[in-house]
Amino acid sequence: MALEYFSSYSLLPRLIITPCFFIFLIFLLYSVSLFHVTFTSASTPTTSLLKVEQDQEAVALLTWKTSLDNQTQSFLSSWFGRNSCHHWFGVTCHRSGSVSNLDLHSCGLRGTLRNLNFSSLPNLLTLNLYDNSLYGTIPINIGNLSKLITFLNFGFNHFTGVISHQLGFLTSLSFLSLCSNNFRGSIPHSIGNLRNLTTLYLYSNKLSGSIPQEIGLLRSLNVLDLSNNNLIGPIPPSIGNLRNLTTLYLHTNKLSGYIPQEIGLLTSLNDLELGNNSLTGPIPPSIGNLRNLTTLYLHTNKLSGNLRNLTTLYLHTNKLSGSIPQEIGLLTSLNDLDLSINNLIGPIPPSIGNLRNLTTLYLHTNKLSGSIPQEIGLLTSLNDLELSINNLTGPIPPSIGNLRNLTTLYLHTNKLSGSIPQEIGLLTSLNDLELGTNSLTGNLRNLTTLYLHTNKLSGSIPQEIGLLTSLNDLELSINNLTGPIPPSIGNLRNLTTLYLHTNKLSGSIPQEIGLLTSLNDLELGTNSLTGPIPPSIGNLRNLTTLYLDTNKLSGSIPKEIGLLTSLNDLELGNNSLTGPIPPSIGNLSSLTFLFLDHNELSGVIPLEMNNITHLKSLQLVENNFIGQLPQEICLGSVLENFTASGNHFTGPIPKA
């Protein structure tokens, strides 16, 4: 009984404790549950919203896909599921998993944009549908596209309707192309809101109305192409605000009125095409400010006035065809005319002879035919005449000899025939003459002047040079000529000037050089000539200048050097000459410059040197001279530069 009582008593606390524990357990579970709910609701909105956004993007693209034709849907077979960032063709995503770029250019897409929900693509940066078969209108809600979008290309499709004014809401756009479609109506004024645009292509549509003044607000534009439309009215003066513009195409419209003066403010322009319109009035003088312009098309308008004050016309490197009009001769103020590298045909018009102020005429690299007109000889201010790489025929006109200021004459690669006129020898300023690849005949025996200096000529001087027996002046200096001086050079008995210096000529100076008794100036310096100075050089009694310096000449200075009594300048330095200075050098009383430095000359300086009292510069450095310096060498009081170091002189220094 006691046991039962004890048991009953022991059960009571259990009965009391159990409900309390149960209540505590329920409370604990409730708290944990509440904490979990609170934590979840605080941490999942961003993730959930992003997932919703991704789902919306996928649904938007899939909805659009199903509206396209069957072939297009097959092409977009990778578009399935709910993750548009998972290997969907043409789709690129941000790291966050949201669609950033949709690039489906040249994919043969066929259908409309009616079922593309732009507002479901809130993070889109580029949309490229260029070159497809999309048609219909651009939905008015295109303004719902991401305000971050920078690139929008609907060009080369079959879109119709008007350009939505809502495009003006896409203020981050830098590239907008709606070209080659069938858009009609006017360009919306809201286009002026796109202040970040650098490229605007609206060409090849059916746009009408005028160009809005607001176009001038697009100050970042580099390229503006509104060509091939039905635009009317004037070119707005506000276009002058587009200072960064390099290309402006307004051609093939129905624009009227004057070309605004403000066009001259577009100083970055390379390409300006206003042809095929109904523009009137004069060409504004301000167009001359466009210093970077390489292409200017104003054809097929109703422009008046003239271009007679035009000084420069560069139309080179285009695809111009047809003939050069006779009217080119009316541009009498032209200094530079460059029509090269085109497809021009026909003859060079004789009226070109009216352009008396021309200094540069480039007609090369065309398909010009006929003969070079005699009138070319009237262009006496020309420095540079290039007619090469054409189909010109007939002789080189003798009148070309009138072009005394010509430094460059290119007639090569034509079909010219006949002999080279002797008048070409009158072009004494000529540095560059190219007549190769023609059918020229005859000879150059009447040529009096041949300047081929300062080029990159290589190879040896041909023996045939000796056939040019009328030459007075031969200059082949500053080239890369090699080999010996041909003995036939001795046939050029009329030569007064012979410049062969600064080449790579080798071998000895031919004895025949002594036959050139008319020579005033002989310059063979800076070559690799070897052997002795030929005694026959003493025959050149009219020589005033003799440069044989900087070669590898050896042997002694011939005593015949003393016969050159007209010499003013004798330079024999930087060779390997040996022996004494011949006493006959004292006969050269007119010498003002005598350079004998850097040789192996020896012995004493002959007393006869005292006779040379007009010296301004005497160089005896680095030889093996001994004895005293000539004491009367300074008596003329004109010696400015005298160096004699590197020798074995003794005695006093000469005094003035």
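These are legends for an overall view and several close-ups of a predicted protein model.

Residues are numbered from 1 along each chain as its sequence is written. In this predicted model, local features need pLDDT of at least 70 and side-chain atom pairs count only at pLDDT 80 or more, while totals for chains, interfaces and linings use all residues; side-chain values use heavy atoms, with hydrogens and water left out.

**Figure 1. The whole protein chain, with three helices and 49 strands.** Helices (H or I, at least four residues) and strands (E, at least two) are DSSP runs, numbered from the N terminus. The radius of gyration is 45 Å, well over the 26 Å that the globule rule gives for 656 residues, so the chain is more spread out than a compact globule. That radius is taken over C-alpha atoms, and the globule rule is 2.2 Å times the number of residues to the power 0.38. Laid along its principal axes, the C-alpha trace spans about 165 × 90 × 45 Å. Buried residues account for 46% of the 656; here buried means under 20% relative accessible area, exposed over 50%, and partly exposed in between (1.4 Å probe, protein chains only).

**Figure 2. Surface, charges and contacts of the protein chain.** About 30,300 Å² is exposed, and carbon and sulfur atoms supply 56% of that area. Accessible areas come from the Shrake-Rupley method with a 1.4 Å probe, and for residues only the protein chains shown count as cover. There are 31 positive and 37 negative side chains, with the centres of the two sets 16 Å apart. Lys and Arg count as positive and Asp and Glu as negative, leaving His and the chain ends uncounted; each charge is placed at NZ of Lys, CZ of Arg, CG of Asp or CD of Glu. Take the contacts (heavy atoms within 4.5 Å) between residues at least 6 apart in sequence: 47% of them join residues at least 24 apart.

**Figure 3. The disulfide between cysteine 85 and cysteine 93.** A disulfide is a pair of cysteine sulfur atoms within 2.5 Å, and the count by this rule is one. The S to S distance here is 1.9 Å, and the link is left-handed, with -95° about the S-S bond. Both ends are partly exposed: cysteine 85 has 30% relative accessibility, and cysteine 93 has a relative accessible area of 23%. Cysteine 107 is in no disulfide, and its nearest cysteine sulfur, that of cysteine 93, is 17 Å away. Cysteine 107 itself is buried, at 15% relative accessibility. Cysteine 179 is in no disulfide either, with the sulfur of cysteine 107 the nearest at 17 Å; cysteine 179 is buried too, at 2%.

**Figure 4. Leucine 570 in strand S42 (residues 569-571).** With 0% relative accessibility, leucine 570 counts as buried. Leucine 594 is 24 residues away in sequence, yet the two C-alpha atoms sit 5.1 Å apart. Leaving aside neighbours within four places in sequence, leucine 570 is in contact with residues including Leu546, Ile561, Ile585 and Phe593.

**Figure 5. Asparagine 647 in the loop between strand S48 (641-643) and strand S49 (648-650).** This residue is buried, with a relative accessible area of 14%. Its C-alpha atom is 5.3 Å from that of phenylalanine 625, which lies 22 residues away along the chain. Not counting neighbours within four places in sequence, asparagine 647 is in contact with Leu620, Val621, Glu622, Asn623, Asn624 and Phe625.

**Figure 6. Serine 180 and histidine 598, two residues with positive phi.** Most residues other than glycine have a negative phi. Serine 180 has a phi near 50°; it is in the loop between strand S8 (175-177) and strand S9 (184-185), and is buried at 17% relative accessible area. Histidine 598 has a phi of about 55° and is in the loop between strand S44 (593-595) and strand S45 (600-604). At 38% relative accessibility, histidine 598 counts as partly exposed.

**Figure 7. Threonine 126 in strand S4 (residues 126-128).** Threonine 126 is partly exposed, at 22% relative accessibility. Beyond residues up to four places away in sequence, threonine 126 touches Ser100, Asn101, Leu102, Ile149, Thr150 and Phe151. Glutamine 631 is 505 residues along the chain from threonine 126, and their C-alpha atoms are separated by 91 Å.
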